[in-house]
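Here is a short report on one protein model. Keep the sequence and the 3D view at hand while reading.

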Amino acid sequence: MSFVQELDQVEQLRNRVADLEAQLLNKDQQLNQERQSSDRKFRTLTDNLPIILYGVDVNGTVTLSEGKGLAGLGLKPGQAVGTSAFETYKNSPEALANLKRALTGESFQFIQNILDVHMQTWYSPTYDEAGKLTGTLGLTIDVSDRMRAEAELHESRNLLQLVLDSIPVRVFWKDTKSNYMGCNQLFADDAKIKTTKDLIGKNDYDFYPNDADAFREDDAKVIASGKSQLNFEEQQTTTDGGVMWLRTSKVPLRNVAGEIVGVLGTYDDITELKKAETELQESKNRLELAFKAANLASWDWNMVTNYTIYDAGFNRMLGLEPGTLGNDLSGFSDNLHPDDMERTFKAVADYAEGRAPKYETEFRLKHKDGSYRWVYATGLIVERQADGQTARMIGVNQDITARKQAALEIQESKKRLEMALEGAHLGLWDSNWVTRHTVVDARYEKMLGFAPGELAGDNPTHESKAHPDDLPAMLMGLTSYVEGKTPDYSVEFRTSTKNGDWKWISAKAQIVEWDADGKPLRLAGVNQDITEQKHAEIALRESKERLELALDGAEMGTWEANLITNKTLFDARYEKMLGFAPGELAGENATLVSEIHPDDMTKLFEVVMHYVTGQRPDYEVEFRTSTKNGDWKWIYAKAQIVERMPDGTPLRLAGVNQDITARKNAEQERETLLTNEREARREAQEALRMKDLFLATMSHELRTPLNAMIGFQHLMLFSQQLNADNSHMAERSIANSQRLLNLINNILDISRIATGGLKIVPVKMSVRHLAEGIGTDLNLQAKEKGLNLKVEVADDVPEQILHDEERLGQIMLNLVGNALKFTEVNGTVTLRVRSGNERLVIEVQDNGIGIPASQKHVIFDDFVQLDNSSTRKHQGAGLGLAIVKRLALLMQGSITVESEIGQGSTFVVTLPLNLNPEMYQ
């Protein structure tokens with residue numbers, strides 16, 4: 001080979017080396033760019049997610065410490081590198097054991113509590129190129145929110161089960177094949193099983209084989225139609241062979257998607273209530289909650305070209321195959337919920353333009369199945385253009401649907417629980433047996449009339465407010481439960497309300513917390529107001545007792561006749577009434593009818609047939625029937641149709657028979673007495689006429705000389721020829737004569753009013769002149785007693801009205817005279833007259849001795865004096881107020897009185913302002 005050829009080969013080798021170097025440089029640059037991109041993605045993940053990524057070599061030395069979650073432990077990224085993980089975990093045996101386990105090369109995950117933060121950790125071993133174990137890589141995520149949600153869900157389920165077990169209603173739910181999925185404790189008790197869990201997976205044939213077909217048929221109807229069946233009554237054969245009546249409700253049980261997955265049922269034992277014709281209805285809904293684990297996805301968005309990279313997790317989050325979303329932003333925006341569109345892109349813009357410190361938001365994305373998944377998104381700007389505009393963002397999405405759904409369902413569960421408690425009149429309470437402090441909810445406080453927070457105290461079950469008669473049973477029930485003798489604390493008692501009333505309470509509770517030794521720490525339960533139910537039970541019992549007494553007292557017997565079988569049953573009262581032994585009178589209707597008196601047979605048969613065929617509205621008849629010893633007794637019978645056949649034909653007739661023999665005998669005797677009564681009435685009327693004639697004659701004969709005497713005494717008094725003593729005696733003589741004249745007039749008026757002889761004569765008159773004249777006439781009498789007499793006539797009283805002047809004057813005179821009589825020295829008597837609403841009001845007020853409340857109802861009776869002693873201080877026959885009341889009623893008016901002992905009295909007479917002359921012609 002020539003030298004030139006060798007140089008040429010050398011040059012070729014040199015060029016080839018240069019090409020290789022260029023290729024290596026280009027490859028190195030590509031690898032560097034890929035490393036930088038990978039570092040940026042890694043940094044985005046660690047800086048924006050609440051995770052901790054760390055590595056530990058086989059010697060326990062920390063080789064990697066990254067992630068936003070380090071802040072929760074008080075650390076910064078990279079701070080722990082070079083430290084000993086064994087030393088860090090020396091005070092946490094669980095964490096140290098897990099680390100040592102990981103350093104053996106095992107992959108696993110676990111959840112632990114670090115500084116009150118629940119962390120979920122995945123360990124994965126690391127190896128060198130030779131395959132030798134070099135350590136472990138750990139990834140930790142803060143799952144505190146999830147753990148709290150799970151705890152709240154668990155607590156909510158426990159509370160729901162407690163409520164279901166506490167309410168006085170049987171609750172159960174089944175799947176579409178009528179297999180039991182759950183129930184409350186009352187249902188379990190009826191089925192004779194120990195716990196509600198023992199019911200799961202079984203069906204009605206296991207408990208109620210006689211009724212299972214009917215129950216399952218009802219279930220199938222509800223499931224097939226999707227419609228509820230509410231408050232229907234059915235019979236159930238109990239496990240011990242008895243029969244109980246149920247009021248049942250069944251509704252379709254649906255999942256979150258609205259699909260029917262079974263049936264939810266409730267029922268009440270209305271065996272006793274059915275007898276009392278009282279209905280109770282309770283229905284409760286079963287709540288279901290779901291929770292799903294977190295799911296992470298990353299994305300890379302070029303905001304200039306809209307070129308977007310979605311990782312496999314993003315597609316998987318939406319139920320799609322990898323690559324389905326493509327590489328355009330529309331893959332995201334097309335699946336974004338319309339209601340979240342504006343808010344989501346505004347969050348991006350605010351961050352990109354510097355108005356927000358970071359991009360962090362929540363939105364909904366459409367899943368392949370048509371549902372929407374809640375997503376928590378965070379992102380970081382990783383590239384900008386020359387003018388500073390955002391060019392590229394990288395971020396991560398986290399599926400928080402489970403958290404959102406759990407929070408929503410918990411909120412909805414609490415809302416439904418609140419509604420259930422409110423509807424059932426239930427109140428919750430929680431007693432701490434260590435602090436002796438009890439917390440009750442606002443419902444129970446409101447139930448007893450207390451304000452929120454007012455009832456909390458140091459008595460676990462509020463025994464201090466319980467009725468003394470119920471306290472022993474309460475304490476015994478609590479002791480039995482705590483000692484394990486009963487499955488729960490269940491008792492009924494009375495407790496006092498804020499205003500001192502008593503309310504009946506049904507209390508149910510369970511121990512919800514124990515100490516390490518198994519001693520109770522907390523007791524929680526529900527109290528239900530059952531006052532109305534208790535009152536109904538008491539009223540029913542008393543009603544039955546009263547009915548029994550009424551039937552006994554009225555000598556009534558009950559009976560029931562079957563119109564198809566012709567059989568009649570009588571109770572013991574009716575049999576005893578006719579002299580038969582219990583059960584001796586039952587038999588065929590035809591046989592029993594033969595015992596009816598022949599004269600009453602047609603009438604009785606006609607009433608029965610007309611009532612049964614609808615020709616008369618009721619069955620009510622009197623007839624005679626024979627007793628066992630052959631006597632006849634009169635019977636009053638009343639009955640109703642109580643059951644009909646499907647076609648409306650009467651089936652059963654029930655009624656009462658009353659022995660009215662004594663009444664019938666009395667009616668015959670009454671006919672005999674009527675003649676004597678008519679004769680006696682005629683004689684009494686004649687005697688009354690003679691009395692009226694005597695009163696009229698005697699009052700005229702007495703008033704004539706009295707008027708003359710009063711006139712002469714006035715002449716003597718005004719002659720001014722009498723000394724002071726004689727003048728005083730003349731005045732007293734006039735007053736006593738006038739009193740006697742008033743008595744005679746009152747007696748005559750009472751008699752005339754009673755017999756209708758007193759007539760009302762309406763004339764045009766001035767009430768003002770009448771009232772002022774009476775004030776003048778009685779002023780002397782007032783001054784004699786040292787009293788102040790005032791007359792007040794309101795301006796609204798017309799100058800003239802159409803009224804009976806004499807009777808108005810008599811009313812005023814008697815009321816004022818009565819007030820003067822019972823008012824002490826220095827007192828005041830006021831006569832007031834006013835009008836309004838076409839009524840005339842006469843009011844007389846005094847500050848005298850007053851009237852006892854117990855005597856107000858008798859002061860208007862004839863000849864009534866409150867002081868009936870022989871030494872009474874106030875004179876009078878007790879006719880004044882009686883006449884006033886009768887005159888007021890005669891003129892379509894009324895009189896009332898208000899009085900207090902020692903304070904005085906006020907009499908008010910209300911009359912028509914103008915009388916209608918046609919009423920008194």
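## The largest nonpolar core

Which residues of the largest nonpolar core touch the most other members? They are Met 812, Leu 815, Phe 907 and Val 909, in a core of 44 residues. The model is a predicted one.

Several elements give two or more residues to this core. The helices are H20 (767-784), H21 (805-821) and H22 (880-890). The strands are S28 (788-793), S30 (828-836), S31 (839-846), S32 (894-900) and S33 (904-912). H21 gives the most, with seven residues. In soluble globular proteins, nonpolar side chains tend to be buried together.

## Around Met 812

Take Met 812 as a starting point. Leaving out residues up to four places away in sequence, Met 812 touches Val 767, Leu 770, Ala 771, Ile 774, Leu 831, Val 833 and Ile 842. Another core lies apart from this one. That other core has 21 residues, including Trp 299, Met 317, Leu 336 and Ile 381.

## How H20 meets H21

Two packed helices are described by the angle between their axes and the distance between the axes. For H20 and H21, the angle is about 35 degrees and the axes are 10 Å apart. The crossing is right-handed.

Which residues make this contact? H20 brings Val 767, Leu 770, Ala 771, Ile 774, Leu 778, Gln 781 and Ala 782. On the H21 side they meet Glu 805, Leu 808, Gly 809, Met 812, Leu 813, Val 816, Gly 817 and Leu 820.

## Strand S1 and its partners

Now to strand S1, residues 51-57. Six of its seven residues are buried, so S1 is largely enclosed by the rest of the structure.

S1 pairs with strand S5 (residues 133-142) in the antiparallel sense, over seven bridges. Within that pairing, Ile 51 has Ile 141 of S5 as its bridge partner. S1 also pairs with strand S2 (residues 62-66), again antiparallel, over four bridges. Here Leu 53 stands opposite Glu 66 of S2. S1 and S2 form a hairpin, with four residues between them. In the turn, Gly 60 has a positive phi of about 90 degrees.

## Helix H3

Which residues of helix H3 (residues 93-102) are buried? They are Ala 95, Leu 96, Asn 98, Leu 99 and Ala 102. These buried residues cover an arc of only 165 degrees around the axis, so they lie on the same side of H3.

Key: Residues numbered from 1 in each chain as written. Predicted model: local features only at pLDDT ≥ 70, side-chain atom pairs only at ≥ 80, totals over all residues. Heavy atoms only, no water. Buried < 20%, exposed > 50% of the residue type's maximum accessible area, 1.4 Å probe, protein only. Pairing = 2+ DSSP bridges. Arc of directions from axis to C-beta. Core = buried A, V, L, I, M, F, W, Y, C linked by side-chain atoms within 4.5 Å. Contact = heavy atoms within 4.5 Å. Axes fitted to C-alpha atoms, helices over the stretch in contact; angles between N-to-C directions. Left-handed = near helix turned anticlockwise from the far one by under 90°.
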